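Work through the exercises below with the sequence and coordinates open. Try each task before reading its solution.

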Amino acid sequence: MSTMWPLWLLTSLLALSQALPFEQKGFWDFTLDDGLPMLNDEEASGADTTSGVPDLDSLTPTYSAMCPFGCHCHLRVVQCSDLGLKAVPKEISPDTTLLDLQNNDISELRKDDFKGLQHLYALVLVNNKISKIHEKAFSPLRKLQKLYISKNHLVEIPPNLPSSLVELRIHDNRIRKVPKGVFSGLRNMNCIEMGGNPLENSGFEPGAFDGLKLNYLRISEAKLTGIPKDLPETLNELHLDHNKIQAIELEDLLRYSKLYRLGLGHNQIRMIENGSLSFLPTLRELHLDNNKLSRVPTGLPDLKLLQVVYLHTNNITKVGVNDFCPVGFGVKRAYYNGISLFNNPVPYWEVQPATFRCVTDRLAIQFGNYKK
């Protein structure tokens with residue numbers, strides 16, 4: 001078998017964490033975005049590294065002869081996916097940088113499973129049956145930055161996560177509670193994806209996110225009825241789509257002044273209190289599609305950097321001439337390049353052309369296709 005495919009594996013897996021900084025290039029369906037962070041690794045690590053990808057070409061592997069039975073190993077990549085493994089394999093090379101164990105039958109992470117893997121950068125455990133993790137299982141992983149442990153049977157956040165961790169993907173588990181202190185000491189963490197867990201608002205203990213300086217957080221497909229309190233003030237992206245949120249009250253967004261992307265699609269939002277959006281001066285994308293809004297939220301003209309607004313599939317019956325654009329000239333710094341209003345009962349032929357005077361072009365506006 002060719003030895004080139006492990007390089008492709010490394011490239012594709014590490015690409016998960018190398019999305020470019022935010023740049024709106026088109027008008028796409030937010031629900032297909034899959035929640036990948038719009039941050040590069042220099043921003044993510046908060047460290048002095050110049051790239052999130054290990055420089056494999058500059059390092060000669062020392063233990064190339066070591067490779068667990070059935071796995072494929074090349075340079076510092078150990079690929080053991082889809083093997084029906086019941087446990088983490090032994091004889092993993094100490095210089096391994098990426099360990100892929102996804103799509104197996106591993107049910108437990110034991111104390112010495114990762115012993116000696118002090119150079120590990122990324123650990124992929126997606127789609128196993130993990131329900132138990134020893135409190136010292138991750139202790140040897142002093143350089144781990146990416147931990148992907150989604151689609152398992154976890155009922156709690158793993159204890160004693162490595163302090164070097166930058167990105168945690170733990171969606172599609174059975175977590176109901178995020179206790180205070182569970183993220184203690186994770187000063188480098190910037191991205192957490194924890195959607196697809198049966199989390200309710202009461203499941204977040206006060207101070208659960210204390211000490212974190214996250215840029216990206218997604219808690220989608222959960223059981224939230226409102227925007228959680230005390231999330232990190234540093235957030236640039238907050239995604240709460242596919243929940244049961246019914247309203248945005250005045251102070252719900254007070255502490256998130258650095259947000260540039262807010263995802264609230266596929267909820268049950270009927271009301272956005274006047275002034276709620278005024279706390280988001282740097283907002284560039286607002287996703288409110290598939291809710292129960294009867295009008296365009298107030299305050300959009302005052303958001304000088306707002307470029308994309310998704311309002312499709314609501315109950316909006318009227319669009320006013322000043323709902324999106326400020327009155328006068330020279331107020332809004334960024335023109336819209338995406339406004340979706342389709343699948344609303346608004347008679348689009350009655351909307352005045354001046355309503356979209358601060359939009360880049362008419363193709364940026366999507367209307368029509370309403371079905372009762």
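**Exercise 1: a cysteine pair across two loops**

Cys-325 has 1% relative accessibility, so Cys-325 counts as buried (buried is under 20% relative accessible area, exposed over 50%, partly exposed in between; 1.4 Å probe, protein chains only). The model is predicted: local features need pLDDT of at least 70, side-chain atom pairs count only at pLDDT 80 or more, and totals for chains, interfaces and linings use all residues. Residues are numbered from 1 along each chain as its sequence is written, and side-chain values use heavy atoms, with hydrogens and water left out.

Task: find which residue a disulfide joins to Cys-325.

Solution.
- Step 1. Apply the cut-off: a disulfide is a pair of cysteine sulfur atoms within 2.5 Å.
- Step 2. The partner is Cys-358, with S to S 2.0 Å.
- Step 3. Place the ends. Cys-325 sits in the loop between strands E16 (308–310) and E17 (338–340), and Cys-358 in the loop between E17 and strand E18 (365–366), so the pair ties together parts that are 33 residues apart in sequence. Strands (E, at least two residues) are DSSP runs, as are helices (H or I, at least four), numbered from the N terminus.
- Step 4. Check the partner's surface. Cys-358 is buried at 7% relative accessible area.
- Step 5. Read the torsion. It is -90 degrees about the S-S bond, and the link of Cys-325 and Cys-358 is left-handed.

**Exercise 2: the remaining disulfides**

Task: state how many disulfides the structure holds, and give their pattern along the chain.

Solution.
- Step 1. The structure holds 3 disulfides.
- Step 2. Cys-67 pairs with Cys-73 at 2.0 Å between sulfurs. The S-S torsion is about 80 degrees, so this disulfide is right-handed.
- Step 3. Cys-67 is partly exposed at 26%, and Cys-73 is partly exposed at 28%.
- Step 4. Cys-71 pairs with Cys-80 at 2.1 Å between sulfurs. Here the torsion is 115 degrees, and the link is right-handed.
- Step 5. Cys-71 is buried at 11%, and Cys-80 is buried at 0%.
- Step 6. Counting bonded cysteines along the chain gives 1-3, 2-4, 5-6.

**Exercise 3: charged pairs**

Task: are Arg-261 and Glu-285, which meet in a salt bridge, buried or exposed?

Solution.
- Step 1. Apply the cut-off: a salt bridge is a side-chain nitrogen of Lys or Arg within 4 Å of a carboxyl oxygen of Asp or Glu. The whole structure has 12.
- Step 2. Arg-261 and Glu-285 meet at 3.1 Å, N to O. Arg-261 lies in strand E13 and Glu-285 in strand E15 (residues 285–287), so the pair ties together parts 24 residues apart in sequence.
- Step 3. Arg-261 is buried at 0%. Glu-285 is buried at 1%.
- Step 4. Compare another bridge. Glu-167 and Arg-169 meet at 2.5 Å, N to O, and both are buried.
- Step 5. Add Arg-255 and Asp-230, whose closest N and O atoms are 4.0 Å apart. Arg-255 is partly exposed at 30%, and Asp-230 is partly exposed at 39%.

**Exercise 4: the nonpolar core**

Task: name the residues that touch the most other members of the largest nonpolar core.

Solution.
- Step 1. Define the set: buried Ala, Val, Leu, Ile, Met, Phe, Trp, Tyr and Cys residues joined through side-chain atoms within 4.5 Å.
- Step 2. The largest such core has 87 residues, and Leu-109, Leu-123 and Phe-324 touch the most other members.
- Step 3. List neighbours of Leu-123, leaving out residues up to four places away in sequence: among them are Leu-99, Phe-114, Phe-138 and Tyr-148. Contact here means heavy atoms within 4.5 Å.
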